[in-house]
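Here are a few short exercises on side-chain contacts, each with a worked solution. Have a look at the model first, then work through them.

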Amino acid sequence: MVIGKLRHPMDIQKPSYTQDPETGEVTETWAFVAREWAGAEGISGKEFVAAGAEQSSTTVRVTLRYRPDLTTSMRFRHDGKSYNIKAVLPDNAKRLVVCMCELGLE
């Protein structure tokens, strides 16, 4: 493991749901789980037209030390951007985990 590649402090967040007692409306917020040093690199980007509107998608590979609690319902936050986790891929030695993420729209 080359520690120098894990140079981005990223917040790990999980969804948290609250319900308004008067209206019953459920709202989603993001709760802080931990801050980890990670490496992030863009691996693909694409633009497409859907329903007459131009859209774009960026895939980012995030590598960090192994964490058994990462799931695809979580996301990373770094420099005001959110990275929605699409796949969690631990290595066989359980030293590192690679997450395939999609840059979130905010």
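Before you start: Arg67 is buried in this predicted model, with a relative accessible area of 16%. Keep that residue in mind for the first exercise.

**Exercise 1.** Work out which residues are linked with Arg67 in a network of salt bridges.

*Solution.*
- Step 1: Take Glu36, whose side chain meets that of Arg67 in a salt bridge, 2.8 Å from N to O.
- Step 2: Place the two on the chain. Glu36 sits in strand β2 (residues 26–50), while Arg67 is in the loop between β3 (53–65) and β4 (75–78), 31 residues apart.
- Step 3: Check burial. Glu36 has a relative accessible area of 18%, so this residue counts as buried.
- Step 4: Add Asp69, which forms a salt bridge with Arg67 at 2.7 Å between the closest N and O atoms. Asp69 is partly exposed at 32% relative accessibility.
- Result: the network joins Glu36, Arg67 and Asp69.

**Exercise 2.** Find which strands the salt bridge between Arg61 and Glu41 ties together.

*Solution.*
- Step 1: The N to O distance for this pair is 3.3 Å.
- Step 2: Arg61 lies in strand β3 and Glu41 in strand β2, so the bridge ties together parts 20 residues apart in sequence.
- Step 3: Arg61 is partly exposed at 30%, and so is Glu41 at 42%.

**Exercise 3.** Decide how many disulfides the structure holds.

*Solution.*
- Step 1: Start with Cys99, whose nearest cysteine sulfur, that of Cys101, is 5.4 Å away.
- Step 2: A disulfide needs the sulfurs within 2.5 Å, and Cys99 is in no disulfide. Neither is Cys101.
- Result: zero disulfides.

Methods:
Residues are numbered from 1 along each chain as its sequence is written. This is a predicted model: local features need pLDDT of at least 70, side-chain atom pairs count only at pLDDT 80 or more; totals for chains, interfaces and linings use all residues. Side-chain values use heavy atoms; hydrogens and water are left out. A salt bridge is a side-chain nitrogen of Lys or Arg within 4 Å of a carboxyl oxygen of Asp or Glu. Helices (H or I, at least four residues) and strands (E, at least two) are DSSP runs, numbered from the N terminus. Buried means under 20% relative accessible area, exposed over 50%, partly exposed in between (1.4 Å probe, protein chains only).
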